[in-house]
Amino acid sequence: MSKHRRDLVIYAVSSSSRKEGKGGKIFIRVGYGLRALFLVLLLFLFSGSFCQREDGENLPFQVISNTPGNSVCPEIAITPDGIIHVVWADSDVTTGDWRIMYSWRDISERNWSEPVVVYDRGEAAWPTLRMDSLGNLHLLYRDWEPGTLFYACKPFGGEWGDLEVLPERTWLWYAQCDRENRFHLIYEPFSGGIVYHYLIRNPDGSWEGPYELPARADNLRFVIDGDGKVHLVEGGGSIFYSYGDKDGWYISEMIYGSASAEWPRIALSRDGRLVVTWHDPHFHCGFGTYNIAYMVKEDTSWSSVDTFPMCGKPRLDRIFFHGSDLYLLWWKIEGSTADLYWSAWDGNEFETHRIETPYFSMTPSGVIRDGRLYLVWIEEMEPKNFEVVFRVENVK
Ligand SMILES: [Ca+2]
């Protein structure tokens, strides 16, 4: 039953029950009986209505964005007060502008806030949302043209602050927070090519840098360890790993030689286990299909290359450690559609969960809190209209 029709039924039932209530003395009991019956019916219908509202038309997710334009690139964070924050880039169908939109929800509630435009300057693309250990949110986005980076902070419990325009333009960048609540940004400046610039934002709001670091390939990703050091991977052909800080790399090496490796990802566990993954059709598992390759570094040496069983055309967007388990958020194109997947790897067993949807699913982001994985991603709800959606999964 459609939502509209169900609402009509509720309306019809509730108005007839009101009529029953206007009975005479004899009919009062009957009236009350009927009322009770109708109340039960109403509750039943309402609960059905709420369930339906929660998952849309019985979809396996909630739609957060629900805007007329395309909604893409969602990022999620959960602050210590139990608020789930989601940002994404959203296109204005009348002006054609891309804006940064924001919606939030209490972890124990069901409903999301109405999406609001938090930043509408430039042609907003690729928002990055990072949370430091104090619950401050750091937002970075780049405009399409001319590649300017914008930064804004939402202090824990406070409002989104003013935009800061960062000094150099870039097409290639990545950012992370460290345990000292500093925000690290590494990017390739337009003028560069074989050099990265490295900016650090201190908790007092001051910026350090840019420092120069040698660059080797595209698609950089990095993590910051407990000592504030950078572990960076790059890949656009071969896979390179570099380790160092603002004063330079101590190590910079090719860890996997190839002509076709790309999209490297890196994760670091609290006990110092480093995992690097990448895509390479070399690790094929049938015609036109492949698994995801990985290497692990413990202490000082890299393992040999192995693969995760994700056979097909997987797109692995994010990896991160939670405890000693590695989590992988990915999607897989099959024919003309794509479903969302997440996997957990404890070093031995690799367990995969598939979230089947009737649409094309892409670009997941997620965080784990209290044994639950909070996921956002985008769904092509109708041709060429992408929406940001949300789902909670249980993890061990
Ligand atoms: Ca939309």
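Two strands are taken to pair if DSSP finds at least two bridges between them. The structure described here is a predicted model, and the pairing of its strands is treated after a short overview of the fold.

The protein has 396 residues, of which 34% count as buried. Its secondary structure comprises two helices and 26 strands. Among contacts between residues at least 6 apart in sequence, 38% join residues at least 24 apart.

An open sheet of seven strands has the order 6-7-8-9-10-11-12, and its pairing is antiparallel. Strand 6 (124–131) and strand 12 stand at the edges of this sheet; each has a single partner strand, so one side of each is left without a neighbour in the sheet. On average, and with direction ignored, neighbouring strands of the sheet are turned by 35° against each other. In general, strands of a sheet pair through backbone hydrogen bonds, either parallel or antiparallel.

Several pairings within this sheet can be followed at the level of residues. Strand 7 (residues 137–143) and strand 8 are antiparallel and share six bridges; L137 has K154 of strand 8 as its bridge partner. Strand 8 (residues 148–154) is in turn joined to strand 9 by three bridges, again in the antiparallel sense. Here T148 is matched with R169 in strand 9. Between strand 9 and strand 10, which also run antiparallel, there are seven bridges, and C177 lies opposite F183 of strand 10.

The hairpin formed by strand 9 and strand 10 has five residues between the strands. One residue of the loop between strand 9 (164–177) and strand 10 (183–189) is N181. Its phi is near 65°, a positive value in a residue other than glycine. Most residues other than glycine have a negative phi, and most peptide bonds are trans. N181 counts as partly exposed because 16 C-beta neighbours lie inside 10 Å, a count between the limits of 12 or fewer for exposed residues and 20 or more for buried ones.

At the edge of the same sheet, strand 12 (residues 207–214) contains P210. The peptide bond that joins G209 and P210 is cis, with omega at about 5°.

A further set of pairings involves the two ends of the strand numbering. Strand 1 (residues 62–63) and strand 26 (residues 385–394) run antiparallel and are joined by two bridges. In this pairing, V63 stands opposite V389 of strand 26. Strand 26 also pairs with strand 25, in the antiparallel sense, over ten bridges; V376 is placed opposite F390 in strand 26. The hairpin of strand 25 and strand 26 has two residues between the strands, and K384 takes a positive phi near 60° in this hairpin.

Another positive phi occurs at D370, which is not a glycine and has a value of about 50°. D370 is located in the loop between strand 24 (361–369) and strand 25 (372–382). With 8 C-beta neighbours inside 10 Å, D370 counts as exposed, whereas N181, with 16 such neighbours, counts as partly exposed.

The interior of the protein was examined through its nonpolar residues. The largest nonpolar core contains 86 residues, and I186 and V276 touch the most other members. In soluble globular proteins, nonpolar side chains tend to be buried together. When residues up to four places away in sequence are not counted, V276 touches V233, I239, Y241, I255, P264, I266, Y294 and M295.

M254 belongs to strand 15 (residues 248–268). M254 has 15 C-beta neighbours inside 10 Å and therefore counts as partly exposed. With neighbours within four places in sequence left aside, M254 is in contact with S238 and F240. The C-alpha atoms of M254 and S242 are separated by 8.7 Å, and these two residues are twelve residues apart along the chain.

Conventions:
Residues numbered from 1 in each chain as written. Predicted model: local features only at pLDDT ≥ 70, side-chain atom pairs only at ≥ 80, totals over all residues. Core = buried A, V, L, I, M, F, W, Y, C linked by C-beta atoms within 7 Å. Contact = placed C-beta atoms within 7 Å. Helix = DSSP H or I, 4+ residues; strand = E, 2+ residues; numbered from the N terminus. Axes fitted to C-alpha atoms, helices over the stretch in contact; angles between N-to-C directions.
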